[in-house]
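Biologist: Could you show me how to read the contact between two chains, taking one feature at a time?

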There are 2 protein chains.
Amino acid sequence: MRPSPKWCYAGAMPTRVRDRSREMFRERLAEALSEVFVARGFDDVTVAEAARAVGISRATFFRYFSSKEDAALASVEGSNFDFGAVLADLDLRPDDSCWSLLQRTFRHSLAGVGGATSSQLDQLRMIHATPSLRARLSFRRLQLEPSLTAALVGHGVPADRAHTAAMAGLAALEVAWERWALHESPSLARALDEAFADLTAADKPISAG
Amino acid sequence: MRPSPKWCYAGAMPTRVRDRSREMFRERLAEALSEVFVARGFDDVTVAEAARAVGISRATFFRYFSSKEDAALASVEGSNFDFGAVLADLDLRPDDSCWSLLQRTFRHSLAGVGGATSSQLDQLRMIHATPSLRARLSFRRLQLEPSLTAALVGHGVPADRAHTAAMAGLAALEVAWERWALHESPSLARALDEAFADLTAADKPISAG
């Protein structure tokens with residue numbers, strides 16, 4: 001397995017050295033497994049086959065991952081990432097809306113993303129093309145909602161509006177990842193800008209073009 | 001099992017008589033099973049136990065449902081529902097935006113919802129409180145997106161904007177269901193209006209609010 005820089009959601013690193021080592025090994029394992037999934041088809045390879053292909057036992061696989069889906073998603077999304085903390089730290093500008101705060105949060109958080117190799121984009125495409133993986137990815141994003149909502153409320157947004165905006169903002173984030181993975185956008189930052197421009201335009205009369 | 005009117009997403013009925021009978025039996029089975037899940041806890045009851053409680057075999061259960069989650073969701077959401085067809089049939093008004101079209105589509109489609117019994121609201125609450133069910137519900141809603149996007153494009157919305165608006169609109173729909181299930185809103189129609197008002201307000205400066 002080759003080491004590689006963290007290229008997607010950069011998770012907050014666990015602090016203890018043993019935990020960090022374990023986490024780094026888990027990430028590399030996830031990358032190697034993902035290459036197997038991409039090459040052989042996620043639905044067509046069993047856990048035992050994927051484990052064998054990267055030189056570990058099935059038991060070792062389950063020491064690091066709870067399922068095949070878990071392994072496929074581990075390499076693209078740190079489970080500890082907290083957008084809410086980033087949003088809470090933003091300075092509120094006079095013309096900031098919920099959309100602009102969410103957009104700045106995602107752009108800031110994902111600034112390091114973009115140097116993905118073609119094999120990493122292949123992974124992302126596989127995830128978006130596999131229903132069971134896409135469902136889990138959606139659900140993980142849903143779990144990011146409470147902290148985003150709380151941070152919006154901290155900036156003075158009424159609670160109900162904050163909740164809806166966070167849910168819709170995460171939907172826009174999902175659109176951005178998808179467009180980037182499918183090469184419809186040259187960078188994730190550009191895809192994010194476009195998705196949030198779409199949200200703003202969605203309130204304008206259609207007949208105005 | 002008691003018969004009861006279809007109270008949530010009203011699915012388009014299959015046309016052949018045998019299919020209709022099967023579908024109606026499946027719905028009533030789903031309702032009875034949901035009562036078991038609510039009473040005993042979704043995660044704490046096995047398929048075999050739930051089947052026994054409603055007087056069917058495990059084999060019969062799997063003739064009608066692919067999983068426990070499938071059974072729990074079957075009673076609240078017809079799998080055949082096509083919001084896109086409703087949206088495509090709407091007459092475009094001069095001031096219609098993506099949000100207003102989506103809001104009218106959901107209101108129109110879900111107009112029959114609201115006469116839910118307290119046991120049916122219990123079901124909905126159970127779904128929103130159980131991560132594995134909520135994940136599947138989110139994913140089912142995601143599958144409604146392509147037809148909504150296509151219908152928005154049919155009304156003259158650019159494809160990218162239509163896609164983002166459909167994804168965010170479905171997120172607002174999810175918020176509405178949740179608020180209604182949690183008794184935060186007296187009706188689903190009211191919850192929908194509030195969620196879409198939130199989307200519109202999310203573009204306004206926070207400092208003005």
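Modeller: What follows is a short walk through the interface, and please keep in mind that this is a predicted model.

Biologist: How many residues does each chain give to the contact, and what area is buried between chain B and chain A?

Modeller: The size of an interface is often given as the accessible area lost when the parts come together. Here about 3500 Å² is buried between chain B and chain A, with carbon and sulfur atoms giving 64% of that area, and the contact takes 41 residues from chain A and 41 residues from chain B.

Biologist: Which polar links are found between chain B and chain A?

Modeller: There are 18 residue pairs in polar contact between chain B and chain A, counting pairs with both residues at pLDDT 80 or more. On the side of chain B that touches chain A, the elements giving two or more residues are α6, α8, α10 and α11 of chain B, and α10(B) gives the most, with 13 residues. By class, the residues of that side divide into 22 nonpolar, eight polar and 11 charged. The count of salt bridges between the two chains is two, and one of them joins the side chains of A:K204 and B:D203, at 3.9 Å from N to O.

Biologist: How are α11(A) and α10(B) placed relative to each other?

Modeller: Two packed helices are described by the angle between their axes and the distance between the axes. The axes of α11(A) and α10(B) come within 9 Å and cross at roughly 75 degrees, and the two helices are therefore roughly perpendicular to each other. In this contact, α11(A) uses A:A195, A:D198, A:L199 and A:A201, while α10(B) uses B:D160, B:R161, B:T164 and B:A168; by class, these are four nonpolar, one polar and three charged residues.

Terms used. Residues are numbered from 1 along each chain as its sequence is written. Chains are lettered from A and ligands numbered from 1 in the order in which they are written. This is a predicted model: local features need pLDDT of at least 70, side-chain atom pairs count only at pLDDT 80 or more; totals for chains, interfaces and linings use all residues. Side-chain values use heavy atoms; hydrogens and water are left out. Contact means heavy atoms within 4.5 Å. Buried area is the accessible area (1.4 Å probe) that two parts lose on being put together, summed over both. A salt bridge is a side-chain nitrogen of Lys or Arg within 4 Å of a carboxyl oxygen of Asp or Glu. A polar contact is a pair of N or O atoms within 3.5 Å; within protein, one must be able to donate a hydrogen and the other to accept it, and residues adjacent in sequence count only if both atoms are side-chain atoms. Helices (H or I, at least four residues) and strands (E, at least two) are DSSP runs, numbered from the N terminus. Ala, Val, Leu, Ile, Met, Phe, Trp, Tyr, Cys and Pro count as nonpolar, Asp, Glu, Lys and Arg as charged, and the others, Gly among them, as polar. Axes are lines fitted to C-alpha atoms, for helices over the stretch in contact, and angles run from 0 to 180 degrees between N-to-C directions. Angles under 35 degrees count as roughly parallel, over 145 as roughly antiparallel, 65 to 115 as roughly perpendicular and the rest as oblique.
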